[in-house]
Amino acid sequence: MEMLNTLARAWKTAEIRKKIIFTLLMMLVFRIGSNIPVPGIDREILSQLFSEEMGLLSLFDLFSGGSFSNFTIFALGITPYVTASIILQLLTIAIPSLEALSKEGVEGRKKLTQYTRYLTVVLGILQAIGMAVGLFRNAVANFNFGSVALIVLTLTAGTAFLMWLGEQINENGIGNGISLIIFGGIISRLPSAVRSTWHSLMAGDISWISIVLFLIFAVLVVVGVILVQEGNRKIPVQYAKRVVGRKMYGGQSSHLPIKVNQAGVIPVIFASSLLQFPLTLTYFWPNSGFAAFMNKWFHPNGNPGVWIYSLLSIMLIIFFNYFYTALTFNPREVADNMRANGGFVPGIRPGRSTTEYLNKVMTRISFSGAMFLCIVSIIPTLIQQFTNLQIGFGGTSLLIVVGVALDMMKQLEQQLIMRNYQGFLK
């Protein structure tokens with residue numbers, strides 16, 4: 001009810017209403033473009049290519065909202081931009097010049113954003129060439145240089161347009177534009193998933209009891225995702241009093257929040273990509289011994305492959321959770337900033353002792369976050385395996401949808417609070 005009240009109050013505010021309408025219009029443009037086909041593609045051959053499970057390609061299709069399997073102008077989706085952002089983030093830690101640039105404030109961030117755009121276009125061109133020359137070569141009606149060049153140009157332009165669309169939402173709308181595009185792609189697949197589940201129910205492949213139990217479980221998982229996404233460990237911080245001129249500063253108590261799920265959905269995406277990559281190779285050699293071996297031992301629908309797949313997924317999620325958390329949270333830097341501002345954790349000496357304490361807390365809380373990601377990622381796979389429910393209830397999509405919805409509500413609340421303050425000051 002609180003969420004509905006927030007939406008109602010936001011809609012009544014003219015300025016916020018304009019931002020909401022702008023965001024919805026941009027999402028409408030995204031969905032229209034997702035149905036515009038790339039020229040020069042044989043649709044019958046294309047439908048045959050996607051008649052079965054395609055491993056990692058199914059993950060790409062999820063993020064693009066079905067544009068990948070339909071080979072529309074947004075077939076690449078926003079994946080090249082996300083990949084470029086992650087690469088730049090990792091390079092910022094490895095390359096001193098980029099690290100210095102990230103600390104230069106607004107101008108430094110603008111420069112990094114520009115580098116991300118260039119890298120997005122480069123990755124888009126490479127992926128478009130791989131799709132036109134490799135994966136979808138049989139679906140190209142007239143395979144020649146002109147047709148391939150047109151396809152590559154169309155796909156790259158589609159990704160560049162989505163990147164621009166996301167930036168426009170950031171500037172003039174509500175929420176994070178890139179996240180909303182992925183969110184819209186995932187949500188757009190919900191009607192077809194519900195329709196396929198209904199057909200399975202009518203055919204007798206699944207029962208009403210399975211659907212009711214699934215819905216109850218889905219609600220519980222969504223509630224759990226919200227609690228964990230919002231959960232954080234508050235470390236108390238005390239600031240010493242200091243005299244500057246004739247005024248005394250400090251002396252107040254505060255806290256340092258450390259999120260339970262510090263890495264977000266990144267570990268699940270990385271783990272899924274690694275596990276699905278060899279399964280994707282089986283698509284190119286469907287009748288080989290390698291394909292038979294992978295489908296039996298490492299496929300989430302195989303037996304005992306579902307158990308091996310789940311175990312490997314748990315191990316990779318834990319690894320990438322610690323790895324990405326270490327990249328985004330530096331205990332030594334946080335401890336140095338606290339000491340520079342006269343802050344300290346009660347009972348812990350500033351400096352090295354604080355760094356060790358923060359590192360210990362982060363290690364323990366990261367394990368809890370990793371276990372949460374494992375549960376959300378693995379249990380839907382097991383449910384689909386043993387109940388025959390094919391509703392696209394993936395852990396990755398669930399985390400993204402809930403996370404984007406929470407971020408949207410937070411931004412709406414912040415906008416309302418800002419307007420209330422402005423009204424009070426007037």
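Let's start with two helices that lie against each other: helix 8 (residues 106-135) and helix 9 (residues 145-172) pack at an angle of about 145 degrees, and their axes are 8 Å apart. Those two values are given because two packed helices are described by the angle between their axes and the distance between the axes. The crossing of helix 8 and helix 9 is right-handed. To see which residues make this contact, look along helix 8 for Thr113, Arg117, Thr120, Val121, Gly124, Ile125, Ala128, Ile129, Met131, Ala132 and Val133. On the side of helix 9, the partners are Val148, Ile151, Val152, Leu155, Thr156, Thr159, Met163 and Glu167. Please keep in mind, here and below, that you are looking at a predicted model.

Two residues from that contact deserve a second look. Arg117 and Glu167 join their side chains in a salt bridge, with 2.9 Å from N to O. Because Arg117 belongs to helix 8 and Glu167 to helix 9, this pair ties together parts that are 50 residues apart in sequence. How can such a pair form? Side chains of opposite charge can pair when their charged atoms come close. The two partners have their own surroundings: Arg117 is partly exposed, with a relative accessible area of 35%, while Glu167 counts as buried at 17% relative accessibility. The cut-off for buried is under 20% relative accessible area, which is why the value for Glu167 earns that word.

How many salt bridges does the structure hold? There are three, so let's visit the other two. In one of them, Asp336 pairs with Arg339, and their closest N and O atoms are 3.7 Å apart. Asp336 and Arg339 sit three residues apart in helix 16 (residues 331-340), so about one helical turn separates them. Asp336 is partly exposed, at 33% relative accessibility. In the other, Arg352 pairs with Glu356, the closest N and O atoms being 3.3 Å apart. These residues are four apart in helix 17 (residues 352-387), and again the separation is about one helical turn. Here Arg352 is exposed, with a relative accessible area of 68%, and Glu356 is partly exposed, with 46%.

Now step back and take in the chain. The protein chain has 18 helices and five strands. Of its 426 residues, 41% are buried. Contacts can link residues that stand far from each other in the sequence: among contacts with a separation of 6 or more, 71% are between residues 24 or more positions apart. On the outside, the protein chain exposes about 23500 Å², and carbon and sulfur atoms supply 63% of that area.

Part of the surface can be found close to the start of the numbering. Trp11, Ile21, Leu25, Leu28, Ile32 and Ile36 make a nonpolar surface patch of about 550 Å². Which helix gives the most to this patch? Helix 2 (residues 14-33) does, with four residues. Trp11 has its place in helix 1 (residues 2-12), and at 43% relative accessibility Trp11 counts as partly exposed. Patch residues need over 30% relative accessible area, so Trp11 passes that cut-off.

Our last stop is helix 15 (residues 305-328), where you can find Thr325. Is Thr325 buried or exposed? At 3% relative accessibility, Thr325 counts as buried. Leaving aside residues up to four places away in sequence, Thr325 touches Gln262, Ala263, Met362 and Ser366. Phe323 also lies in helix 15, but Phe323 counts as partly exposed, at 38% relative accessibility. Follow Phe323 across to Pro267: the two are 56 residues apart in sequence, and their C-alpha atoms are 8.7 Å apart in space.

Helix 13 (residues 266-284) holds another residue to find, Ile269. Ile269 is buried, with a relative accessible area of 17%. The C-alpha atom of Ile269 is separated by 8.8 Å from that of Ile317, a residue 48 positions away along the chain.

How values were computed
Residues are numbered from 1 along each chain as its sequence is written. This is a predicted model: local features need pLDDT of at least 70, side-chain atom pairs count only at pLDDT 80 or more; totals for chains, interfaces and linings use all residues. Side-chain values use heavy atoms; hydrogens and water are left out. Patches are made of residues with over 30% relative accessible area and no salt bridge: like charges are joined within 9 Å, nonpolar side chains (Val, Leu, Ile, Met, Phe, Trp, Tyr) within 5 Å. Accessible areas come from the Shrake-Rupley method with a 1.4 Å probe; for residues, only the protein chains shown count as cover. A salt bridge is a side-chain nitrogen of Lys or Arg within 4 Å of a carboxyl oxygen of Asp or Glu. Buried means under 20% relative accessible area, exposed over 50%, partly exposed in between (1.4 Å probe, protein chains only). Axes are lines fitted to C-alpha atoms, for helices over the stretch in contact, and angles run from 0 to 180 degrees between N-to-C directions. A crossing is left-handed if the near helix is turned anticlockwise from the far one by less than a right angle, and right-handed if clockwise. Contact means heavy atoms within 4.5 Å.
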